[in-house]
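This report describes a single protein chain, beginning with its overall architecture and then turning to individual residues.

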Amino acid sequence: FPVQGFVNPDMGVVGAELYVLGNNYFTKWFFFNYNLGYVYGNKYLNHSLSYSSCFGFIMHQYVELFVEHFAFIHSHDVPDWGIDGGICFFPTPRLQIDLSYIRLFNSFSNLNTINVGLSYNIGLHKDHYKNLFWKK
């Protein structure tokens with residue numbers, strides 16, 4: 001979500017995140033997504049700036065591949081940054097299932113993870129189907 005808040009019951013801290021999101025299609029098969037965000041919170045109530053840039057390739061109306069660079073620039077510490085890549089599957093225009101590999105580099109340790117995600121878009125406008133290559 002572009003704007004989200006969280007409560008950590010262990011720390012009793014409320015924080016917030018605010019993002020500006022963008023998307024551009026170079027061709028009907030290649031796209032570029034990007035965002036810039038502000039994060040406030042954690043047990044020290046620190047500020048962070050986040051950004052990411054993602055290149056994608058639409059293989060089929062149901063399948064996309066992507067590679068992304070992202071970073072968090074903290075007010076209190078060395079920046080965290082990472083890369084990820086993966087595949088997204090769209091069984092319906094509103095449902096997304098994805099599998100990705102993430103490599104995170106930060107001031108404390110390097111982290112490798114494999115993630116599975118599930119998203120459902122509740123606000124997709126019916127005309128957007130044309131942009132996603134879905135047949136009516």
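## Basis and overall architecture

Helices and strands are here DSSP runs, of at least four residues for a helix and at least two for a strand, numbered from the N terminus. The model is predicted. Its secondary structure comprises 1 helix and 8 strands, arranged along the sequence as β-β-β-β-β-β-β-β-α.

The chain has 136 residues, of which 28% are classed as buried. About 9200 Å² of the chain is exposed, and carbon and sulfur atoms account for 65% of that area. Of the contacts between residues at least 6 apart in sequence, 30% link residues at least 24 apart.

## Confidence

The mean pLDDT of the chain is 79, with 74% of the residues at 70 or more. Residues 1–9 have pLDDT below 50, and beyond near neighbours in sequence this stretch has 22 contacts in the model.

## E68, a buried acidic residue

E68 belongs to strand β5, which spans residues 63–74. What is the nearest side chain of opposite charge to E68, and how many Å away is it? It is that of R103, at 15 Å; E68 is buried yet has no salt bridge. A salt bridge would require a side-chain nitrogen of Lys or Arg within 4 Å of a carboxyl oxygen of Asp or Glu, so R103 at 15 Å does not qualify as a partner for E68.

The side chain of E68 does make a polar contact of 3.3 Å with the side chain of S52. Leaving out residues up to four places away in sequence, E68 touches S52, S53 and C54, as well as G82, I83 and D84.

## M59 in strand β4

M59 is located in strand β4, residues 46–60. Is M59 buried or exposed? Its relative accessible area is 44%, and M59 therefore counts as partly exposed, the class between under 20% and over 50%.

Apart from residues up to four places away in sequence, M59 touches E64 and L65. The C-alpha atoms of M59 and F30 are 9.3 Å apart in space, while the two residues are separated by 29 positions in sequence.

## F26 in the loop between β2 and β3

F26 sits in the loop that connects β2 (13–25) and β3 (30–41). Its relative accessibility is 54%, and because the exposed class begins over 50%, F26 counts as exposed. When neighbours within four places in sequence are set aside, F26 is in contact with three phenylalanines, F31, F32 and F55.

Technical notes:
Residues numbered from 1 in each chain as written. Predicted model: local features only at pLDDT ≥ 70, side-chain atom pairs only at ≥ 80, totals over all residues. Heavy atoms only, no water. Buried < 20%, exposed > 50% of the residue type's maximum accessible area, 1.4 Å probe, protein only. Lys, Arg positive; Asp, Glu negative; His and termini not counted. Polar contact = N/O pair within 3.5 Å; in protein donor to acceptor, adjacent residues only side chain to side chain. Contact = heavy atoms within 4.5 Å. pLDDT = per-residue confidence, 0-100. Areas by Shrake-Rupley, 256 points an atom, 1.4 Å probe, with all protein chains shown as cover.
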